[in-house]
Amino acid sequence: MKTQIIKLDINDFEKCGNIWDVQRQSDLAKQFYRELRDGNRTTYVYTIDGTFIGEISVVKDADDADYTIPEKRLYVSRLIVKEGYRRQGIGRKLVSFIMEEAKAQGYSELSIGVDLDNYPALKLYIDLGFDKVVFIGEDKYGKFVKLLNILR
């Protein structure tokens, strides 16, 4: 079994449908595709024997200073692992990978937004150093928190 994390080639975007329902979430898929095409979003994919299992995306400009600061702070806008593969450390590997990738690109901070009732995600992010609360709020999807990781 060969596992690896690769940068998503925009021509392989439809393969993300193996991880999440790009048809049902077509508006989100269109937004992500547009951001990938325009260079504002970079997505990395966790693969097992070439099959897409998980993905993580970072955004350079989220038009929200809590999330992005040019040349300083990237926004982790998407972390998802295919059902059946969760709770196996894949999310942790993807977040750790993106932390190293961000540092290699000269960024010193990563931000993330997470629903307050998503306890497994909150624990993961806090364990990985997203330990500064930038904002707590509520939107049409529910209560959430914006967390910050100062990369070391």
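**Close-up views of a predicted β-α-β-β-β-α-β-α-β-β protein**

**View 1. The whole chain at a glance.** From the first element to the last, the order is β-α-β-β-β-α-β-α-β-β, so defined that helices (H or I, at least four residues) and strands (E, at least two) are DSSP runs, numbered from the N terminus. That makes three helices and seven strands. Please keep in mind that this is a predicted model, in which local features need pLDDT of at least 70 and side-chain atom pairs count only at pLDDT 80 or more, while totals for chains, interfaces and linings use all residues. Residues are numbered from 1 along each chain as its sequence is written, and side-chain values use heavy atoms, with hydrogens and water left out.

**View 2. Overall dimensions and packing.** The C-alpha trace spans about 35 × 35 × 35 Å along its principal axes. Its radius of gyration is 15 Å, which agrees with the value near 15 Å for a compact globule of 152 residues; here the radius is taken over C-alpha atoms, and the globule rule is 2.2 Å times the number of residues to the power 0.38. Of the 152 residues, 43% are buried (buried means under 20% relative accessible area, exposed over 50%, and partly exposed in between, with a 1.4 Å probe and protein chains only). Among contacts with a separation of 6 or more, 58% join residues 24 or more positions apart, where contact means heavy atoms within 4.5 Å.

**View 3. Helix α2 and its buried residues.** Helix α2 covers residues 90-104, 15 residues in total. Its first and last C-alpha atoms are 21 Å apart, close to the 21 Å expected at 1.5 Å a residue (the expected span is 1.5 Å times one less than the number of residues). The buried residues of α2 are I90, G91, L94, V95, I98, M99 and A102. An α-helix has 3.6 residues a turn, so residues three or four places apart point the same way. Just after α2 comes G106, with a positive phi of about 95 degrees.

**View 4. The surroundings of L94.** Zoom in on L94, a residue of helix α2. Its relative accessible area is 0%, so L94 counts as buried. Setting aside residues up to four places away in sequence, L94 touches I5, Y44, Y46, G54, E55, I56 and L79. For scale, the C-alpha atoms of L94 and T42 are separated by 13 Å, with their positions 52 residues apart along the chain.

**View 5. A buried glutamate in helix α1.** Helix α1 runs over residues 26-38 and includes E35. With a relative accessible area of 16%, E35 is buried. Beyond its neighbours within four places in sequence, E35 is in contact with N40, R41 and V59.

**View 6. Two loop residues with positive phi.** Most residues other than glycine have a negative phi. D49 is not a glycine, yet its phi is positive, near 50 degrees. You will find D49 in the loop between β2 (41-48) and β3 (51-59), where D49 counts as exposed at 51% relative accessibility. R87 is the other residue in this view, with a positive phi of about 65 degrees although it is not a glycine. R87 sits in the loop between β4 (73-81) and α2, and its relative accessible area of 75% makes R87 exposed.
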